[in-house]
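Pull up a chair and let us read a model together, one feature at a time. The learner asks, and the teacher starts from the general idea before turning to the case at hand.

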Amino acid sequence: MLDRRAVVRTLLADRGDLVCVAGLGGTAWDVAAAGGHDLDLPLWGAMGAAAMVGLGIALAQPERPVLVVTGDGEQLMALGALATIAGAAPANLTVAVLDNERYGETGAQVTHTALGTDLAAVAAGCGIADARTVRDDAGVAELRDAVHARRGPCFAAVKISPDRPPLVLPPRDGALLARRLRAALGVE
Amino acid sequence: MDGVIHPLLAEYGVRVIGHVPDAGHTALIQRCERDPAMQVVTLTTEEEGMALAAGAWLGGARSAILMQSSGVGNCCNLLGLPRILAGPLLLLVTMRGEWGEENPWQLPAGQAVPALLSTCGVLVHRADHADDVAPAVRSALGLAYASNARVAVLLGQRLLGAKAFEEAS
């Protein structure tokens, strides 16, 4: 089973001008654990918003790769966003769902992906042509390259271990995170 | 009405339009779709628009989110997103469930809109007459994109005209 921290480290390796939006909970901690970066937007709330925030950034910054890293529970709250992303068709947007089949922050209750929901099939059904399920290191490395290729939109369900690594927390102040990102993009 | 709103959005450099369509917004959506400087994104639910607007602003693009009043309630939780980011939000809401409404199912959500937006920290402008529209939209654009405020313009049913339900005879 893939280790979530190793997956995120690989996806953010040699990131260049990559913008990364992280969904609340485990994936925000993963992005912080990877070192943190001015071009990261780790969310502490707004469950279900990560992919659409990524779409907004991708439309505003079409020359940059934009990666959304979020959890299966967070994405399950916003399956319709996958249809919206397919329709808008931003070439520079990748949504990577770290799927541990658990609501990790609330007691490890099973999510719908443990009950039969196939997120890559949902994304493909919504019209995202490059929709994949990643189960091994080679797949993670290919996904990292796809993020930078900007031939998307791309969706990946990355099946990870349900293990919970130690908390590494990003800044909590949303206004600070927003201005840090905008300044790094040169739009503040 | 739409002939007034689109030029104002263009004047203020709005580049991203998100919407769940409403009949009252039809002509505005068409004008925006014909504008090569604007990207129009069809949403599956109105709350997606709160996140789209936040992302667009983070990336340096101005947006406007269009919806019918029945969709405002869908946005409650994510109305906190632009607020916590201390960023702007511009909503253009076509009202139902008020002046002359003939579909009772529109009343509960429509009547809740002003209080709901206020509770969620969104400033509310109303336009109930044609002459109200341009000043209200211009004010909202200034509040959103000079003052980083969250603001909604409610385009009243008195302005739009109540939807007619005429059965085939």
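The dialogue below goes from the interface to helices, single residues, salt bridges and backbone angles.

Q: What kind of model is this, and how are residues, chains and ligands labelled?

A: This is a predicted model, in which local features need pLDDT of at least 70 and side-chain atom pairs count only at pLDDT 80 or more, while totals for chains, interfaces and linings use all residues. Residues are numbered from 1 along each chain as its sequence is written, chains are lettered from A and ligands numbered from 1 in the order in which they are written, and side-chain values use heavy atoms, with hydrogens and water left out.

Q: How many residues does each chain bring to the contact?

A: Start with the rule: contact means heavy atoms within 4.5 Å. Here chain A gives 26 residues and chain B gives 24.

Q: And what area do chain A and chain B bury between them?

A: Buried area is the accessible area, taken with a 1.4 Å probe, that two parts lose on being put together, summed over both. For chain A and chain B that comes to about 1900 Å², with 67% of it on carbon and sulfur atoms. On the chain A side, A:Met52, A:Leu59 and A:Arg182 supply 25% of the area buried against chain B, more than any other three residues.

Q: Which helices of chain A supply at least two residues each to that side?

A: Helices here are DSSP runs of H or I with at least four residues, strands are runs of E with at least two, and both are numbered from the N terminus. The helices you want are α3 (50-60), α5 (79-88) and α8 (174-185) of chain A. The side of chain A that touches chain B divides into 19 nonpolar, five polar and two charged residues. In that sorting, Ala, Val, Leu, Ile, Met, Phe, Trp, Tyr, Cys and Pro are nonpolar, Asp, Glu, Lys and Arg are charged, and the others, Gly among them, are polar.

Q: How many salt bridges are there between chain A and chain B?

A: A salt bridge is a side-chain nitrogen of Lys or Arg within 4 Å of a carboxyl oxygen of Asp or Glu. Between chain A and chain B the count is zero, and over all chains it is 16.

Q: Where can I look at one such pair within chain A?

A: The general idea is that side chains of opposite charge can pair when their charged atoms come close. Try A:Arg5 and A:Asp30, whose side chains meet at 2.7 Å, N to O. A:Arg5 lies in α1 (residues 4-11) and A:Asp30 in α2 (residues 26-33) of chain A, so this pair ties together parts 25 residues apart in sequence. Both A:Arg5 and A:Asp30 are buried, where buried means under 20% relative accessible area, exposed over 50% and partly exposed in between (1.4 Å probe, protein chains only).

Q: Is the salt bridge partner A:Glu188 buried or exposed?

A: A:Glu188 is exposed, with a relative accessible area of 54%. A:Glu188 meets A:Arg179 in a salt bridge at 3.8 Å, N to O, and A:Arg179 is partly exposed at 23%.

Q: Which residues are buried in helix α2 of chain B?

A: In α2 (residues 26-34) of chain B, the buried ones are B:Leu28, B:Ile29 and B:Cys32. They cover an arc of only 100° around the axis, which puts them on the same side of α2(B); the arc is that of the directions from the helix axis to the C-beta atoms. The face turned away from this buried side carries the exposed residues B:Glu33 and B:Arg34.

Q: What does A:Gln75 touch?

A: Leaving out residues up to four places away in sequence, A:Gln75 touches A:Ala51, A:Thr70, A:Leu82, A:Val95 and A:Val97. A:Gln75 sits in helix α4 (residues 72-76) of chain A and is buried, with a relative accessible area of 0%.

Q: Where is there a cis peptide bond, and which residues have a positive phi?

A: Most residues other than glycine have a negative phi, and most peptide bonds are trans. In this model a cis bond joins A:Gly152 and A:Pro153, with omega about 10°. A:Pro153 is in the loop between α7 (137-149) and β8 (154-159) of chain A. The loop between α7 and β8 of chain A also holds A:Arg150, whose phi is near 55°. In chain B, B:Ala86 has a positive phi of about 55° and is found in the loop between α4 and β4 (89-94).
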